[in-house]
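Here are my notes on the structure you sent over. Have it open beside you and go through the points in order.

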Amino acid sequence: DPTKQPNTFFMTLSYFLRTEGDNGGFNIYKYHYPSKRVEKHRKDGAPVGVAGTVELLNSRVVSTQPIVSFDWSPDREGLCCMSCLDQTVRVYIVTKLDKY
């Protein structure tokens, strides 16, 4: 579940971004919904949520220090801004998201 992982940022319902480790890198994944969102538990039959799968679309190291803040533009798809512990603010454009 991407909402339970630290440093996870959502862009749309289909994609999420997660920063990695101490190397200042970030990965863009595409989330694939499962065929069934709820199943019955094997032992007691209680409803249990089903996790989907993720596909790595791109991976980049953008700094030698960790990314400490990140935000997607609400106005332009793919435009994002981040700051790192190396005291920089970076603006990136992530392209071709509509092709996935």
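1. Let's begin with the sheet. Keep in mind that this is a predicted model. Three strands make an open sheet, and they sit in the order E7-E8-E9 with antiparallel pairing. At the edges you'll find E7 and E9, the latter covering residues 88-93, and each of these pairs on one side only. Going from one strand to the next, the twist averages 20 degrees. If you're new to sheets: strands pair through backbone hydrogen bonds, in either a parallel or an antiparallel way.

2. Now look at the two pairings one by one. E7 and E8 are antiparallel partners over five bridges. E8 and E9 are also antiparallel, and here there are six bridges.

3. How do you get from E7 to E8? The two strands form a hairpin, with six residues between them. Find Gly78 in that turn: this glycine has a positive phi of about 90 degrees.

4. Cys80 is a good residue to click on. On one side, Cys80 is the bridge partner of Trp72. Cys80 also stands opposite Tyr92, which belongs to E9. Is Cys80 buried or exposed? Its relative accessibility is just 2%, so Cys80 counts as buried.

5. You may see Cys80 and Cys81 next to each other in the numbering and wonder about a disulfide. The search of the whole structure came back with zero disulfides. Cys80 is in none, and its nearest cysteine sulfur, in Cys81, lies 7.7 Å away. Why is there no bond for Cys81? A disulfide needs two cysteine sulfurs within 2.5 Å, and the closest one to the sulfur of Cys81 is 7.7 Å off, in Cys80, so the gap is too far for a bond. Cys81 is partly exposed, at 32% relative accessible area, whereas Cys80 is buried.

6. Next, the inside. Which residues make up the largest nonpolar core? There are twelve: Phe26, Ile28, Leu57, Val62, Ile67, Phe70, Trp72, Cys80, Met82, Cys84, Val94 and Leu97. At least two residues of this core come from each of strand E3 (25-32), strand E7 (67-72) and strand E8 (79-84). Notice that Cys80 and Trp72 turn up again here as core members, having already appeared as bridge partners.

7. Stepping back to the protein as a whole, there are nine strands and zero helices. Read from the N terminus, the elements go β-β-β-β-β-β-β-β-β. Of the 100 residues, 30% count as buried. Looking at contacts with a separation of 6 or more, 34% are between residues 24 or more positions apart. The accessible surface is about 7,200 Å², and carbon and sulfur atoms hold 50% of that.

8. Last stop: a loop. Ala51 sits between strand E5 (47-49) and strand E6 (53-61). With a relative accessible area of 58%, Ala51 is exposed. What does Ala51 touch, leaving aside residues up to four places away in sequence? The answer is Tyr31 and Pro34. Try one distance yourself, too: Ala51 and Lys36 are 15 residues apart in sequence, and their C-alpha atoms are 9.3 Å apart in space.

How values were computed
Residues are numbered from 1 along each chain as its sequence is written. This is a predicted model: local features need pLDDT of at least 70, side-chain atom pairs count only at pLDDT 80 or more; totals for chains, interfaces and linings use all residues. Side-chain values use heavy atoms; hydrogens and water are left out. Buried means under 20% relative accessible area, exposed over 50%, partly exposed in between (1.4 Å probe, protein chains only). Helices (H or I, at least four residues) and strands (E, at least two) are DSSP runs, numbered from the N terminus. Contact means heavy atoms within 4.5 Å. Accessible areas come from the Shrake-Rupley method with a 1.4 Å probe; for residues, only the protein chains shown count as cover. A nonpolar core is a set of buried Ala, Val, Leu, Ile, Met, Phe, Trp, Tyr and Cys residues joined through side-chain atoms within 4.5 Å. Two strands pair if DSSP finds at least two bridges between them. Axes are lines fitted to C-alpha atoms, for helices over the stretch in contact, and angles run from 0 to 180 degrees between N-to-C directions.
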